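User: I'd like to go through this model with you and ask how each label is earned. Could you set the numbers against the rules as we go?

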Amino acid sequence: MTPICLVGIGKIAVDQHVPAINASPDWELAATVSRAGTVDGVQAFTDFDQMLAETDIPVISLCLPPVPRYAYAAKAIAAGRHVMLEKPPGATLAEVHALADMAQTAGVTLFTTWHSRMAAGVAPAKAWLADKKITGAHINWKEDVRRWHPGQAWVFEPGGMGVFDPGSNALSIITEILPMPIHLQSAELLFPANCDTPIAAQMQWTENVIGDFDWLQEGPQSWDITVETSEGTLALHDGGARLVTGGTEASAGADREYPALYDRMAALVQSGGSEVDVTPMIHVADALTLGKRITVDAFHF
Ligand code: NAP
């Protein structure tokens, strides 16, 4: 088993990374770095430089929010460590490109993970759409920020991406399954009066693709993508976990998103490769560049 260090012991590290690593035959959770969080029985550092200086753990998985992540990734690569990045892989496109260049020069693996692409319905959806004529698609991504990000102020600060934090999951799926590229034509972004990031967005792309993103949906949550083709409709529900084609449940499977990411990281490290894909982030950046900004009521957790 390869030793791995997990950095940023917060919500997603505890919910997904720790269980996925512990259940994997490839990885041994050898250390954590976090100012407040720890994992029982695992060597805990509060200082990243100290961990790099005092251990030779070859692989670092960064679960921090996007803004602080670049500095950690750059230091890890400079120290010759392989790096796995939570999504979205950075606060800006340029910093992810810079990390990719650094990793290539250093000869280490860099993996920009997009966990929703590992959802059970995504690969079969991509295969089903591969030879179809697409006539349109609709993303309906509506959840309750208070339920999923309680008190996480960073999501509304610069670089936190607001509704595009979960929305980038939808963008990672649509850019994976469509057999052709799309680009944004217009967007409306709703910014709470006291926030630096949007809380809702409507987007319109080429090829008749539209998206509705909302972070104030109470009650049932919606993580759905529908694709219209000349041979019928494909629908992904529950964030990609369930696939329905032509009105019939086509496939579903156990949630293996994070275990699959760690399987992929193990394969990349073994082969000496990297996987860097910023496509979902391009659509977020385009929305923030092109979108009409509308100010709405202030938001409070
Ligand atoms: P979080 O719990 O708010 O933050 C993770 C940890 O990062 C914190 O516990 C904190 O640990 C550390 N951290 C926060 N701000 C920092 C800073 N400025 N400098 C250094 N360390 C800092 O966030 P999260 O929900 O786990 O999300 C982290 C990433 O995972 C995001 O990119 C998010 O999009 C992604 N993600 C989240 C979810 C989810 O359901 N929440 C799902 C999938 C992916 P210490 O204070 O102990 O250092």
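User: Which residue in strand 9 is the bridge partner of L190?

Analyst: Happy to help, and please keep in mind that this is a predicted model. The partner of L190 in strand 9 is A200. L190 also stands opposite I294 in strand 15.

User: How do you know that strand 8 pairs with strand 9 and with strand 15?

Analyst: Two strands pair if DSSP finds at least two bridges between them. Strand 8 (184-192) and strand 9 are joined by six bridges and run antiparallel. With strand 15, strand 8 has five bridges in the parallel sense. Both counts satisfy the rule, so both are pairings.

User: What makes the pairing in the nine-strand sheet mixed, and what is the strand order?

Analyst: The order is 14-13-12-11-7-10-9-8-15, and the sheet is open. Strands 8 and 9 supply an antiparallel pair, while strand 7 (residues 134-142) and strand 10 (residues 209-214) are parallel over six bridges. Within that parallel pair, H138 has I210 as its bridge partner.

User: Why are strand 14 and strand 15 called edge strands?

Analyst: Strand 14 (248-252) and strand 15 (292-296) each pair on one side only. From one strand to the next, the twist in this sheet averages 10 degrees.

User: How do you know that helix 7 packs on this sheet?

Analyst: Contact calls for heavy atoms within 4.5 Å. Helix 7 (residues 164-177) touches six strands, namely 7, 8, 9, 10, 11 and 12, and its direction makes about 160 degrees with that of strand 7. Helix 5 (residues 122-129) lies across strands 7, 11, 12, 13 and 14, at about 165 degrees to strand 12.

User: What is the strand order of the six-strand sheet, and what leaves strand 3 and strand 6 at its edges?

Analyst: That open sheet runs 3-2-1-4-5-6 with parallel pairing. Strand 3 (43-45) and strand 6 (110-112) each have a single partner strand, so one side of each has no neighbour in the sheet. Neighbouring strands here are turned by 25 degrees against each other on average, direction ignored.

User: What makes strand 1 and strand 4 a pair?

Analyst: The threshold is at least two bridges, and strand 1 (residues 2-7) and strand 4 (residues 59-62) have four, running parallel. One residue match is C5 with I60 in strand 4. Helix 3 (residues 66-78) packs on this sheet, touching strands 1, 4, 5 and 6, at about 160 degrees to strand 5. Helix 8 (residues 257-271) lies across strands 1, 2, 4, 5 and 6, and makes about 155 degrees with strand 5.

User: How do you know that W154, D165 and A36 make polar contacts with the ligand?

Analyst: The test is a pair of N or O atoms within 3.5 Å. A polar side-chain atom of D165 is 2.5 Å from a ligand oxygen. For W154, an N or O atom of the side chain is 2.8 Å from a ligand oxygen, and for A36 a polar backbone atom is at 2.7 Å from one. Each distance is within the limit, so each is a polar contact. The protein buries 81% of the 870 Å² that the ligand exposes when taken alone.

User: Which residues come nearest to the ligand?

Analyst: Of the 25 residues around the ligand, they are S34, R35, A36, R69 and D165.

User: What makes P88 and E207 stand out in the backbone?

Analyst: Most residues other than glycine have a negative phi, and most peptide bonds are trans. The bond from K87 to P88 is cis, with omega near -15 degrees, and P88 sits in the loop between strand 5 and helix 4 (93-106). E207 has a positive phi of about 65 degrees although it is not a glycine, and its place is the loop between strand 9 and strand 10.

User: Why does the chain's radius of gyration agree with that of a compact globule?

Analyst: For 301 residues the globule value is near 19 Å, and the chain has 19 Å, so the two agree. The C-alpha trace spans about 55 × 45 × 35 Å along its principal axes, and the chain has nine helices and 15 strands.

Technical notes. Residues are numbered from 1 along each chain as its sequence is written. This is a predicted model: local features need pLDDT of at least 70, side-chain atom pairs count only at pLDDT 80 or more; totals for chains, interfaces and linings use all residues. Side-chain values use heavy atoms; hydrogens and water are left out. Helices (H or I, at least four residues) and strands (E, at least two) are DSSP runs, numbered from the N terminus. Axes are lines fitted to C-alpha atoms, for helices over the stretch in contact, and angles run from 0 to 180 degrees between N-to-C directions. A residue is near a molecule or strand if one of its heavy atoms lies within 4 Å of it. A polar contact is a pair of N or O atoms within 3.5 Å; within protein, one must be able to donate a hydrogen and the other to accept it, and residues adjacent in sequence count only if both atoms are side-chain atoms. Accessible areas come from the Shrake-Rupley method with a 1.4 Å probe; for residues, only the protein chains shown count as cover. The radius of gyration is taken over C-alpha atoms; the globule rule is 2.2 Å times the number of residues to the power 0.38.
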